[in-house]
Amino acid sequence: MVEAAQDTKQSSIDRKASQTAMFAAIYRHIATMEKNTSFRGPDGLAQLFLPSHLRFLLRFSFAKRSIINKVPGIYEYVIARTKFFDDLFLKALEDRIPQIVFLGAGYDTRAIRFNEFNLQTKIFELDSPYLQKKKKAIIKNNNLSIPDQLNFVPINFNNEDLETVLSKAGFDKFKQTFFIWEGVTQYLPEQTIKDTLEFIKNNSGPGSTVAFDYFYKSFVDGNLDFYGAKELYKSVNKVGEPFKFGIDEGGIDSFLDGNGFDVLANYTPDEFEKAYLYDDKGSFKGKMNDYVCHVHARVQS
Ligand SMILES: C[S@@+](CC[C@H](N)C(=O)[O-])C[C@H]1O[C@@H](n2cnc3c(N)ncnc32)[C@H](O)[C@@H]1O
């Protein structure tokens, strides 16, 4: 039933900016208003990408609650994943990794938010042409400057060649690179995932790594027993960006090994909650979806 609904809706990113990228920005904006500073979101720029009526409504608790409650677990997942990817991004800047590539950057603002810590890292943001056009216009209209190190690279991952597109943008395949794939793998066909890993393996310098979140395959195949599953399917089917890819529970090591990567760290949903959703006093922010994992992996030498 779920699959049938998915099949009737083709990806819409060729025709308009991604709705799921907007959802991520909405959750990040709501997180900036958290009372508990341990869970307060750091992305003060996320609000710029929201329509003004929504920004207005989100000043009110009822509106925030209604969005948070619509799909249980997603808000907590976004709070946790923002911390996870922020930490890795900042560490890469600190280690002066020469290049960072965002695969499906959406309305990510790290290149701007953390620009002061960026001494020499070149950043490439990849996403659909529609989304990037809109994002650049919003940045410009808000008088924010685009950091010199930031390069926008329009692409459709499903039918364009990463090597061609990135090398035209000045990417150097011999340099160590950190690839960030946040909130994206679940929307891509398995072949695109494998091709992307193959690209990373063959087009990055020694020590290069990739970090991404991924869904359990059984969830993507339609198992609705997971926390917030029914609500998420309903919402994603409406916007025409169906789930396509997942990895079996416990299968990440063999999947990545088979594609030429070693796992540096992998978090199951439980482990991720323990790492990111408790504050110093032990209070728990709330349950996140139990079908999503996070991994950081290195290209095998
Ligand atoms: C859920 S959003 C996540 C965006 C961002 N990484 C974040 O966490 O806010 C998924 C992103 O992947 C991009 N995306 C999905 N499929 C794509 C494709 N085939 N080609 C280019 N971008 C794609 C969408 O445009 C969207 O910005």
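The exchange below goes through the ligand and the pockets of this predicted model.

Colleague: What makes the pair between the ligand and the side chain of Arg-81 a polar contact?

Modeller: An oxygen atom of the ligand lies 2.8 Å from an N or O atom in that side chain of Arg-81. A polar contact is a pair of N or O atoms within 3.5 Å, so this pair counts as one.

Colleague: Which backbone atoms pair with a nitrogen atom of the ligand, in Phe-157 and in Glu-182?

Modeller: In Phe-157 a backbone N or O atom is 2.9 Å from a ligand nitrogen, and in Glu-182 a backbone N or O atom is 2.7 Å from a ligand nitrogen. Both distances are within 3.5 Å, so both pairs are polar contacts. The protein covers 97% of the 580 Å² of accessible area that the ligand has on its own.

Colleague: Why is Gly-104 counted among the residues that surround the ligand?

Modeller: Gly-104 is one of the closest of 22 surrounding residues. A residue is counted if one of its heavy atoms lies within 4 Å, so Gly-104 has such an atom. Helix α2 (residues 19-31) gives the most to this shell, with 4 residues.

Colleague: Where does the ligand lie among the pockets?

Modeller: The ligand takes up space that is the largest pocket, with about 920 Å³. α2 also supplies the largest share of its lining, 7 residues.

Colleague: Why is Tyr-75 classed as nonpolar in the lining of the second largest pocket?

Modeller: Tyr-75 is one of the lining residues there. Tyr is on the nonpolar list, so Tyr-75 belongs to that class. By class, this lining has 4 nonpolar, 1 polar and 4 charged residues.

Definitions and conventions:
Residues are numbered from 1 along each chain as its sequence is written. This is a predicted model: local features need pLDDT of at least 70, side-chain atom pairs count only at pLDDT 80 or more; totals for chains, interfaces and linings use all residues. Side-chain values use heavy atoms; hydrogens and water are left out. A polar contact is a pair of N or O atoms within 3.5 Å; within protein, one must be able to donate a hydrogen and the other to accept it, and residues adjacent in sequence count only if both atoms are side-chain atoms. Accessible areas come from the Shrake-Rupley method with a 1.4 Å probe; for residues, only the protein chains shown count as cover. On a 1 Å grid over the protein atoms alone, a cavity is a set of points where a 1.4 Å probe fits but cannot get out, and a pocket is an open set with protein on both sides within 12 Å along at least five of seven lines; lining residues have an atom within 4 Å of a point. A molecule sits in a cavity or pocket if more than half of its atoms lie within 2 Å of its grid points. Helices (H or I, at least four residues) and strands (E, at least two) are DSSP runs, numbered from the N terminus. Grid points are joined across faces, edges and corners, and a volume is the space filled by probe spheres set on the points.
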